Amino acid sequence: MSQIAEKKLGGVQDAATSPIAQIVLDGLSRPQKSLPSFLFYDARGSDLFEEITRLPEYYPTRTEAAILAEAAPAIAAHTPPGAVLVEYGSGSSRKTEILLDALPNLAAYAPIDVSQSALAEASARLGRRFPTLRVIPTLGDFSAPLILPASLSRRPRTGFFPGSTIGNFAPADAAALLTHMAQGLGDGGRLIIGVDLLKDVSILIPAYDDAAGVTAAFNLNILARLNRELGADFDLQSFRHEARFYAAESRIEMHLVSRRRQKIGLLGCLFPLEAGESIHTENSYKYSIAQFQALAELAGWSCRRVWTDDGDLFSVHELDR
Ligand code: AVJ
């Protein structure tokens, strides 16, 4: 067998046993084709998301950062010394610096993220910026059980879940995740969580369909990832990005719409797509403060405080067990 053939065979075997293979096959087999939004965050996708956070239309990141800067002293005042800060979906850990500046005497910072590259870069940067801080990165999905070194097992825990990542989950799943976090953070645990607020579509849609096309590139990158990791044959030119708002569900949906009738080959299967048929790639739920608080209470948290910006664009909640 030639080297090229061996390599190709190796690639196909890797693809079939890839942990995302089953998830992708399952999503593309549904009547409304879908892909889970955590697939966005490979190295390129994590970089594109960072670019999104700096777009003029994407208000959440800068609004949340301003709220956090204002809330940080109060959050610090409620933090016992020697606590562990656990961040779910830490990405670049940019916003974490606002908290870390305000929170002295932390025993450790434990970021959890699905992107190896984002986790490594953030851990290195924070290590330089906070030389005495113990950083314990975990590569993985934040719905996995929280495992900390035994020496930290009795420390009080503060969870940090910024960016309205909770909005990626349908309300029932969001409640289940908040319950899971309550268990992981333990008695006396606390959660600082960012939640995007419901607002006019004239603000919402551009935030998910920016003029520079960065969100479109972010959405399409998921197909490039499947080509690379699963040997799929998506032609990126044959899809366009679309952001839709559904008021009844109070959510933004992102879709990749097929520009033509086509068939996608993936892992030995063929997936037909009609012209105009879409692959649903993300839900981003928007809440009122009261709606979110009801959800948090359902999940066993009590709502201690909430901060918002003057424009009521975004909210940061402090939840206690
Ligand atoms: C990281 C899930 C909060 O829903 O606003 C940004 C991801 N998608 N632009 C969001 C995202 C498109 C983002 N979250």
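A crossover counts as right-handed if, with the strands pointing away from the viewer, the path from the first strand over the helix to the second runs clockwise. In this predicted model, strand β5, helix α7 (residues 171-185) and strand β6 form a β-α-β unit of that right-handed kind. The unit offers a convenient way into the sheet that contains β5 and β6.

That sheet is open and has seven strands, in the order β4-β3-β2-β5-β6-β13-β12, with mixed pairing. Its edges are formed by β4 (138-139) and β12, each of which pairs on one side only. Strand β5 covers residues 157-161, and five of its five residues are buried. The side chains can be followed from one residue to the next: R157, G159 and F161 point one way from the strand, T158 and F160 point the other way, and all are buried. On one flank, β2 (residues 84-88) runs parallel to β5 and is joined to it by four bridges. Here E87 is the residue that stands opposite F160. β5 is also joined to β6 (residues 190-196), again by four bridges and in the parallel sense. The bridge partner of F160 in β6 is I192. F160 therefore makes a handy landmark for a reader tracing this part of the sheet, as a residue is buried if 20 or more other C-beta atoms lie within 10 Å of its own, and F160 is among the buried residues of β5.

Beyond β6 the direction changes. Seven bridges join β6 to β13, and these two strands run antiparallel. One pair to look for here is R190, which stands opposite D320 of β13. Helix α10 (residues 289-298) packs on the sheet, where it touches β6, β12 and β13, and its direction makes about 150° with that of β12. Strands β12 and β13 themselves pair in the antiparallel sense over six bridges, with V306 opposite H317 of β13.

The turn of this last pair deserves a short stop. The hairpin of β12 and β13 has five residues between the strands, and D312 takes a positive phi near 50° there. D312 is not a glycine, and it is found in the loop between β12 (302-308) and β13 (314-320). With 13 other C-beta atoms within 10 Å, D312 is partly exposed. A positive phi is also found at S93, where the angle is about 55° although the residue is not a glycine. S93 lies in the loop between β2 and α5 (96-102). S93 counts as buried because it has 25 C-beta neighbours inside 10 Å.

A further open sheet has four strands in the order β1-β11-β8-β7, and its pairing is likewise described as mixed. β1 (33-34) and β7 (239-246) stand at the edges with a single partner strand each, so one side of each is left without a neighbour in the sheet. The partner of β7 is β8 (residues 251-258): eight bridges join the two strands, which run antiparallel. Within this pairing, E242 has H255 of β8 as its bridge partner. Helix α9 (residues 214-230) lies across β7, β8 and β11 (278-285), running at about 115° to β7.

Elsewhere in the chain, C269 is placed in strand β10 (residues 269-273). Because it has 12 C-beta neighbours inside 10 Å, C269 counts as exposed. The C-alpha atoms of C269 and A232 are separated by 9.6 Å, with the two residues 37 apart along the chain.

At the level of domains, the assignment gives domain 1 as 16-53 + 202-285 and domain 2 as 59-196 + 288-317. Taken over C-alpha atoms, the centres of domain 1 and domain 2 are 27 Å apart. Their contact takes 14 residues from domain 1 and 13 residues from domain 2. On the side of domain 1 that touches domain 2, the elements that give two or more residues are α3 (43-53) and β11. Of the elements there, α3 gives the most, with five residues. By class, this side of domain 1 has six nonpolar, five polar and three charged residues.

Technical notes:
Residues are numbered from 1 along each chain as its sequence is written. This is a predicted model: local features need pLDDT of at least 70, side-chain atom pairs count only at pLDDT 80 or more; totals for chains, interfaces and linings use all residues. Two strands pair if DSSP finds at least two bridges between them. Two residues are in contact if their C-beta atoms, placed from the backbone, lie within 7 Å. Axes are lines fitted to C-alpha atoms, for helices over the stretch in contact, and angles run from 0 to 180 degrees between N-to-C directions. Domain bounds come from an automatic or database domain assignment. Ala, Val, Leu, Ile, Met, Phe, Trp, Tyr, Cys and Pro count as nonpolar, Asp, Glu, Lys and Arg as charged, and the others, Gly among them, as polar.
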